[in-house]
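Please open the model in a viewer and keep the selection panel at hand. The tour below proceeds stop by stop.

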Protein chains: 2
Amino acid sequence: MNQAQTQARLVEDAFKDMLSADDFKSAFRNHPAGVSVVTADPGDGPVGLTATSVISVSANPPLLVFSLSAFSSAAPALARAETVVVHLLGVEQLEVAKVFATSGIDRFADRSSWSRLPTGEPILAHTPTWLRGRVVNRMSAGDSTVMAVQVLQAQVPGPDITSEPLVYHNRTWHSLSPQSARN
Amino acid sequence: MNQAQTQARLVEDAFKDMLSADDFKSAFRNHPAGVSVVTADPGDGPVGLTATSVISVSANPPLLVFSLSAFSSAAPALARAETVVVHLLGVEQLEVAKVFATSGIDRFADRSSWSRLPTGEPILAHTPTWLRGRVVNRMSAGDSTVMAVQVLQAQVPGPDITSEPLVYHNRTWHSLSPQSARN
């Protein structure tokens, strides 16, 4: 091989090591996730979005992480927020999940669907579980920002209240129930 | 109030702002998640664990994040790894999920259940979707380490192959199917 051919081969090999964005998305389409709505008010009005990236990372201190895509209209305001509320949605909140995943609408237009915590953050009505916390770390990751949140307060349903959670998988919403259990 | 009482009140108020580890765990028990097994071989043998914290954070470049609890026996070796393989499990891999969540056993004892990629990482047989990547960032977060991985290769099932994914929720394994779909 001459030098140009060698160079071309090197570039070709390098690209073989790059997974395409489409293949990456296809892989994760097969990965189910619980559905959350993250809200905040960084000072200029309520913002919120539907997220399928909320994970628990530490119990002591209580820390969660979620990812904000640069392609979400609410991401810049949420990335600025000092505190956020993470709502873990039940299946009866499917319409809420859809509203907070829709672009170009006022997601807070229905004034009966939300109120404010004493600390100011928007809180969605009829949410079985929510957590309020302070953003303690931000990590830039490609076209997203990974937010680490230390949880300060939470509403946790009692052990006798069993809410079926909402799950997202392969562009479809699902519920879990005793019928979906496996052992 | 005297000074001691004032001090006691301040401490009490500060603790009101601390969510207990138990309440935090109760909240996330209500949050379903897809089930993965993360494997690696940092140089002294194969290691792996079952994780419910794998999220996609960026498609361009392709980046995923997962959390390693300090309480998992495999965590120190995985945290040292330069490359890892993330297996997104199907419901037919329930036993694999259980093996890699069990302490005190040799999780790689069944030699027919895994092999190695040409690059050396352990790869589990019969996994519909897996992604191999390089660890590009580590973030300490309480009693865990958040790992950011740039994906280099992936096996993605074709559009005609529909594998039912495995989901974990409230200490129970679930599957998704057309019957669990909601609209």
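In which sense do E9(A) and E10(A) pair, and over how many bridges? Select both: E9(A) and E10(A) pair in the antiparallel sense, over 11 bridges. Here a strand is a DSSP run of E of at least two residues and a helix a DSSP run of H or I of at least four, each numbered from the N terminus; two strands pair if DSSP finds at least two bridges between them.

This is a predicted model, in which local features need pLDDT of at least 70 and side-chain atom pairs count only at pLDDT 80 or more, whereas totals for chains, interfaces and linings use all residues. Residues are numbered from 1 along each chain as its sequence is written, and chains are lettered from A and ligands numbered from 1 in the order in which they are written.

**Stop 1: the hairpin and its neighbour in chain A**

Within the pair just selected, Gly133(A) stands opposite Val151(A) in E10(A). Move to the turn: E9(A) and E10(A) form a hairpin with 2 residues between them, and Gly142(A) in that turn has a positive phi of about 60 degrees. Next add E5(A), which is joined to E10(A) by 7 bridges and runs antiparallel to it. In this pairing, Ser67(A) lies opposite Val146(A) of E10(A). In a regular strand the side chains alternate between the two faces of the sheet.

**Stop 2: the sheet of chain B**

Turn to chain B, where 7 strands form an open antiparallel sheet in the order E3-E2-E6-E9-E10-E5-E4. Strand E3 (47–51) and strand E4 (55–59) of chain B stand at the edges with a single partner strand each, so one side of each has no neighbour in the sheet. From one strand to the next the twist averages 30 degrees, taken between N-to-C directions of lines fitted to C-alpha atoms, on a scale from 0 to 180 degrees. For one pairing inside this sheet, select strand E2 (residues 36–40) and strand E6 (residues 83–88) of chain B, which are antiparallel over 4 bridges. Val37(B) stands opposite His87(B) in E6(B).

**Stop 3: helix H2 in both chains**

Select helix H2 (residues 21–29) of chain B, in which Phe24(B), Ala27(B) and Phe28(B) are buried; a residue is buried if 20 or more other C-beta atoms, placed from the backbone, lie within 10 Å of its own. Viewed down the axis of H2(B), these buried residues fall within an arc of 90 degrees, so they line one face of the helix; the arc is that of the directions from the helix axis to the C-beta atoms. Their cover includes strand E5 (62–69) and strand E9 (129–141) of chain A. Now select helix H2 (residues 21–29) of chain A, whose buried residues are Phe24(A), Ala27(A) and Phe28(A). The cover over the buried residues of H2(A) includes strand E10 (144–155) of chain B.

**Stop 4: the contact and the axis**

Display both chains. The contact takes 60 residues from chain A and 60 residues from chain B, two residues being in contact if their C-beta atoms, placed from the backbone, lie within 7 Å. Across the chains, 2 bridges join strand E13 (residues 181–182) of chain A to strand E12 (residues 172–175) of chain B, and these run antiparallel. Arg182(A) stands opposite Trp173(B) in E12(B).

Finally, superpose the copies by least squares on the C-alpha atoms of residues with pLDDT of at least 70 in both. A rotation of 180 degrees with 0.0 Å of shift along its axis places chain A on chain B (RMSD 0.0 Å). The two copies are thus related as by a two-fold rotation axis. Of the residues of chain A, Ala33(A) comes closest to the rotation axis, at 2.4 Å (C-alpha).

Terms used:
A residue is buried if 20 or more other C-beta atoms lie within 10 Å of its own, exposed if 12 or fewer, and partly exposed in between; C-beta atoms are placed from the backbone.
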